[in-house]
Structure formats: structure tokens, C-alpha cells
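Thanks for coming. I have one model to go through today, so please have a look at it first, and then I will take the strands, the core and the charged pairs in turn.

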Amino acid sequence: MQIQINANGFDLTPAIDEHVRGTVTSELAHRLERLTRIEAHLGDHNGEKGGRHDKRCMLEARPEGLDPVAVTSEGADLYDTIEDAAGKLRRALDTRFGKLEDQRH
């Protein structure tokens with residue numbers, strides 16, 4: 001599985017890159033074999049000015065043979081926003097795969 005990270009409005013540091021990869025891999029460990037790619041789109045709307053909800057993380061998972069699943073989280077702290085989005089993506093994928101498993105039975 002491939003993880004692609006894009007940053008908009010700031011430079012992608014090694015620490016942020018590692019946090020995205022580690023958080024996504026940890027949250028989706030039980031589904032990684034069914035995913036071909038995950039794209040992370042990180043944004044900072046206000047740059048150095050800061051702001052209440054100026055950080056954004058959009059995660060898009062590409063399950064093998066299925067339509068993509070995308071989630072978004074916004075907040076004041078990029079690290080927290082990444083963790084929140086990864087949790088949302090785990091729940092969305094669990095729902096998607098759970099429905100497929102129910103249809104098979």
C-alpha cells in the first residue's frame with residue numbers, strides 16, 4: 001500500500017510526514033491489505049497567522065476494486081487533525097467493508 005502526502009500552505013516536514021504515515025498505518029492496520037493507496041491532503045489556511053480551525057486534513061483511501069472513501073477534519077492543531085481524520089477514515093472503512101460482508105452472508 002502506498003501513502004501519498006500533499007501539503008498546501010506550508011512545508012511538509014519529516015516530523016509531519018512521519019506522523020501521517022504512523023497514524024494512518026496504526027489506525028488502518030487491520031485493513032491495509034485491502035487498500036491500494038491512501039492520499040493525505042494537509043492544509044494550513046492562515047499560514048503563520050494561526051486561527052481556530054485553520055488546519056485541515058483530508059484522507060482518501062482507495063480500497064481494491066471499490067470506490068474511494070474520503071474524510072475531512074479541521075482544527076487548530078495539525079497533529080490532532082491528522083489523528084481525528086485517521087479515526088474517521090477507519091470508521092468509514094469499517095462501515096464500508098462491514099456492509100460488503102453483510103451482503104455476502
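Which residue in E2 does Ile3 stand opposite? The residue is Ile38. Before I go further, please keep in mind that this is a predicted model.

Let me stay with the strands. Ile3 and Ile38 face each other across the pairing of E1 and E2, two strands that run parallel and are joined by seven bridges. Another position on that pairing is Ala7, which stands opposite Leu42 in E2. Strand E1 covers residues 2–8, and E2 covers 35–44. Between them comes helix H1, residues 14–27. Together, E1, H1 and E2 make a β-α-β unit, and the unit is left-handed. Please check that handedness on your own screens.

E2 also pairs with E3, this time in the antiparallel sense, over nine bridges. On that pairing, Arg37 stands opposite Arg62 in E3. Both arginines come back later. As for accessibility, E2 is mostly covered, with seven of its ten residues buried. As a general reminder, side chains in a regular strand alternate between the two faces of the sheet.

One residue of E2 to look at is Asp44. Is Asp44 buried or exposed? With a relative accessible area of 13%, Asp44 is under the 20% cut-off, so it counts as buried. Leaving aside neighbours within four places in sequence, Asp44 is in contact with Asn8, Gly9 and Phe10, and also with Asp54 and Lys55.

Now the core. The largest nonpolar core has 22 residues, and the members that touch the most other members are Val20, Leu42, Leu59, Leu89 and Leu93. Six elements give two or more residues to this core: strands E1, E2, E3 and E4, and helices H1 and H2. Which of these elements gives the most? That is H2, with seven residues.

Take Leu59 as an example from the core. Leu59 sits in strand E3, and its relative accessibility is 0%, so it counts as buried. Beyond four places in sequence, the contacts of Leu59 are Val24, Glu39, Ala40, Val69, Ala70, Val71, Ala85, Ala86 and Leu89. For one of these, Ala85, we have a distance: the two residues are 26 apart in sequence, and their C-alpha atoms are 6.7 Å apart in space.

Leu93 is the other one I want to show. Not counting residues up to four places away in sequence, Leu93 touches Leu28, Arg31, Leu35, Ala61, Pro63 and Val69. Val69 is thus on the contact lists of both Leu59 and Leu93.

Last topic, the charged pairs. How many salt bridges does a search of the whole structure find? The search finds ten. I will show three of them.

The pair Arg56 and Glu74 forms a salt bridge, with the closest N and O atoms 3.7 Å apart. Arg56 is in strand E3 and Glu74 is in strand E4, so this pair ties together parts that are 18 residues apart in sequence. Both residues count as partly exposed, Arg56 at 29% relative accessibility and Glu74 at 45%.

Next, the side chains of Arg62 and Glu60 meet in a salt bridge at 2.5 Å, N to O. Here Arg62 counts as partly exposed at 28% relative accessibility, whereas Glu60 counts as buried at 14%. This pair also belongs to a network of salt bridges that links Arg37, Glu39, Glu60 and Arg62. Arg37 and Arg62 are the arginines that stand opposite each other on the pairing of E2 and E3. Glu39, for its part, was among the contacts of Leu59.

The third pair is in helix H2: Lys88 forms a salt bridge with Asp84, with the closest N and O atoms 3.7 Å apart. Why are these two separated by about one helical turn? Because they are four residues apart in H2. Lys88 is partly exposed at 30% relative accessibility, and Asp84 is partly exposed at 34%.

That is what I had on the strands, the core and the charged pairs. Questions are welcome.

Note on methods. Residues numbered from 1 in each chain as written. Predicted model: local features only at pLDDT ≥ 70, side-chain atom pairs only at ≥ 80, totals over all residues. Heavy atoms only, no water. Core = buried A, V, L, I, M, F, W, Y, C linked by side-chain atoms within 4.5 Å. Buried < 20%, exposed > 50% of the residue type's maximum accessible area, 1.4 Å probe, protein only. Contact = heavy atoms within 4.5 Å. Salt bridge = Lys/Arg side-chain N within 4 Å of Asp/Glu carboxyl O. Pairing = 2+ DSSP bridges. Right-handed = clockwise from strand over helix to strand, strands pointing away.
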